[in-house]
Amino acid sequence: MAMARPLDSYSLRMYGNSSIRRDLPRPFEVIHCELGHASFGSVTSSSTSFGSKFRNSRAEIQFPENPSSESILRHGTSENGAVIDVSSSGKLIREYVDDGFPEDAIKVYFSMLECGIPPEEFRFFPCLIKAFGALSDKKKVRQIHGYLLKLGALDDIYVGNSLLDVYWKCGVAKDTFALFEKMCSKDLVSWNTMISGLCHSGDHLGSLRTFNQMILEYGVFPNRVACLSALSSCSSVESLFHGREIHAYVVKKGIGDEFLVSKLIDMYMKCGDVKNAEYVFRGIFNEDSIRGNTVIWNVMISGYISNGYLPQAVELFQEMLVIQIQPDFSTMVTILDLCSELLDLAVGMQIHALVISLGLDNDLRVETALIDMYFKCGDTKSGLEIFRMSQNRNTVMWGAVISNCVKSDCPNEALELFHDYIIGYGYVDSVIILAVLRACSSLIIKPKGLEVHGLVVKSRFDSDIFVGGALVDVYAKCGDMESAQKVFDRLPTRDLITWNALILGYAQNEYPNETLKACRDMQFEQIRPNAETGARILSVCAQLSAMIFCKEVHGYLLRQGLDSNVLVNNSLIAAYAKCGDINSSWAIFEKMREKNEVSWNSILRGLGMYVHADKIFVLFGKMKEEGMKPDHATFTSLLSACSHAGRIEEGWKYFRSMVEDYKLEPQLEQYTCMVDLLGRAGHLKQAYDMILMMPCNSDDKIWGSLLASCKSHGDERLAEVVANHIFKLDPTSIGYRVLLANLYEEYGKWNEVIRVRTEIKGRGLRKSPGCSWIEIKNKIHTFTAGDRSHNQSEEIYAAVRNLSIEVEKAGYISHY
DNA sequence: CTAGGGTTAG
């Protein structure tokens, strides 16, 4: 993705703030004359001088058409008396261009002309063209192009080739092609300029096409320069076919120097052909001159890493040290990346020691890689320490530390660092802004999000889809879908990530209709959802127990060809079970060709709500047979099945097995299942002791389960104790107070009933009424007790009365 | 006088 960068000192120099060097020999006294952005000087002279001509010419360079009257002289004289000749101005121009002062170089040329030297004497046009190119102003390049055309200088192949190159560097591919077509003679350099220009401009296929055209249509055979560019293009488009052809050609011609060798290895690695990369690499052991080339080793190691050959990368690095190839900063950066990948802190620390002994610990890039390594290997403290001690921080290093803090689940730390950063720098880049937005999202802090949003707009990142997606996510997490939609609508383009952020926002905030609409709109834009989109929407379907929603999403995912995805199917199993359609869950489970642990856990959990416990136990046996490893979720499913069926014996068996056979430390969830199981079976004291003895903190759910058991087994004394535990955890708890009151009521403890009910009133607590809903034509209609707001409520209540009569006729006896 | 150079920090 394209990243906006603040202007650096280089570009500042290019635009406006032209620096004129004083330390180089300056034979001419210079006056300034405005010319577009850049300023030019010209020799002090009469009003008829050429300098005054381009002052009036609306930022156009006016090249002198006729030499001035005195120009019969071969050698001009400047005002301070220095003799100027063509060759000394040429040398000066070259010097200025090489040192990065193109404006001064151009001034020298004009001065030369003003001194009466005719342009046709000049033989440094390629250098002058380079100077124009360095101004990064395509208009000025076109002007010198026209000027040279008039002079007839374009017949010179050097001049043409230089112009080609400069056009590429100014990013005007169209003009380059036009010139290339018109050039009457093309040599290898012309072709190479085109091939490498295409390569650098990102048109790798065009680059390879030109390479082939040169050989096949024009019979020009490539040299090593052409091969280097073409190999770069092969790497980028991963064209192993072309790469191998070039490899063969290089071998046949015997032009394999160290640059070509490393490019070839790089090409094979980028194409995923590790075997051939190794083959080329082994060749260097026969060539003493290039065996010690560090870069080749670096390319080889980083190639191994990017192809996932981590042990080989380690081995090669060790070999490199053994045969004493000098590692450089790039080796260190690459190896630190390897440590991060391996999550090997011990080796990372050894590399840190090596970095210090090599004296590379002050290298900004190495320091940044060290910070990254420590964070990724889980040593946040050391990562921060290196950052704090670093003498040479830059935006990349700040980005490394801030984004790693967010990834390491320290969003507060990240926001503090960001605060320090922004005070010192005043601008942000996209990596930092993304990290900060993620921190806001995970902390759900909207004010900070709004502040960063302001910064996003100010820094002109508001049309960046990555940043936009992160902003949508922040607003969605904070529940402000209106703002999320606004940000989304303003994005110039949307991709899967941004759509996902919006859809999940609607889903998580329980807007099923908007969620589905967004899914349809995404489809309309021809963007296909990925498995994660599907899984996350389905988890919302499950949360909402919304059957129609679930079916529609299922159909949608089917049409998108995601029905064979494990993640999607696991979510479908859970969602259908939650919506009460266990048959669909089972059908999906049976049809799945690829199942993982989560698939088994989902179906066990789903079935646990509906079928006989024995079936669950059998299924668990099958799960083990298929080599699946039970985890906490598996045991939660098993234990809750035992609890529903009152199977104490099996409950204890699985609980013990979890600890002993699978070395899984029971969590609150599993303890809750056991307390529920014991309580339902009337082992109230045992259940109570279990809560007190378990190593984790209790919550209202585990106590609530026991309270319900106390109610059904009529132990009002324990109920009081249990209830007090709940009220201590949640003083405003209303549901459990009602449960307690009902318990006393059932056993005729009227004084206690009054006490609890008075407390409820005194605390101003109100129980939110129960609620049910039904889906009709993609709309969810909700109903609460006594609600008459629905416009068909009369008919609805009439239907309810009729149903009640029918139910009683059928023999149902209501408890109330 | 003109083309080109490998790995490479968030």
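How many helices and strands does chain A have? In this predicted model, chain A has 44 helices together with six strands.

Taken as a whole, chain A comprises 816 residues, of which 46% count as buried. When the contacts in chain A with a separation of 6 or more are considered, 59% of them are accounted for by residues that stand 24 or more positions apart. The area that chain A exposes comes to about 42600 Å², and 53% of this area is supplied by carbon and sulfur atoms.

The model also holds DNA strand B, and 44 residues lie around this strand, with N161, N192, R224, F259 and S330 coming nearest. Sorted by class, the surface near DNA strand B is made up of 16 nonpolar residues, 16 polar residues and twelve charged residues. Seen from the side of the DNA, 40% of the atoms of strand B that lie within 4 Å of the protein belong to sugar or phosphate, while the rest belong to bases.

Some of the polar contacts between side chains and DNA strand B are set out below, each with the kind of DNA atom involved.

| Residue | Atom of DNA strand B | Distance |
|---|---|---|
| S330 | base oxygen | 2.4 Å |
| D429 | base nitrogen | 2.7 Å |
| T193 | sugar or linking oxygen | 3.4 Å |

S330 therefore appears twice in this account, since it is named among the residues that come nearest to DNA strand B and has a side-chain N or O atom 2.4 Å from a base oxygen of that strand.

Note on methods
Residues are numbered from 1 along each chain as its sequence is written. Chains are lettered from A and ligands numbered from 1 in the order in which they are written. This is a predicted model: local features need pLDDT of at least 70, side-chain atom pairs count only at pLDDT 80 or more; totals for chains, interfaces and linings use all residues. Side-chain values use heavy atoms; hydrogens and water are left out. Helices (H or I, at least four residues) and strands (E, at least two) are DSSP runs, numbered from the N terminus. Buried means under 20% relative accessible area, exposed over 50%, partly exposed in between (1.4 Å probe, protein chains only). Contact means heavy atoms within 4.5 Å. Accessible areas come from the Shrake-Rupley method with a 1.4 Å probe; for residues, only the protein chains shown count as cover. A residue is near a molecule or strand if one of its heavy atoms lies within 4 Å of it. A polar contact is a pair of N or O atoms within 3.5 Å; within protein, one must be able to donate a hydrogen and the other to accept it, and residues adjacent in sequence count only if both atoms are side-chain atoms. Ala, Val, Leu, Ile, Met, Phe, Trp, Tyr, Cys and Pro count as nonpolar, Asp, Glu, Lys and Arg as charged, and the others, Gly among them, as polar.
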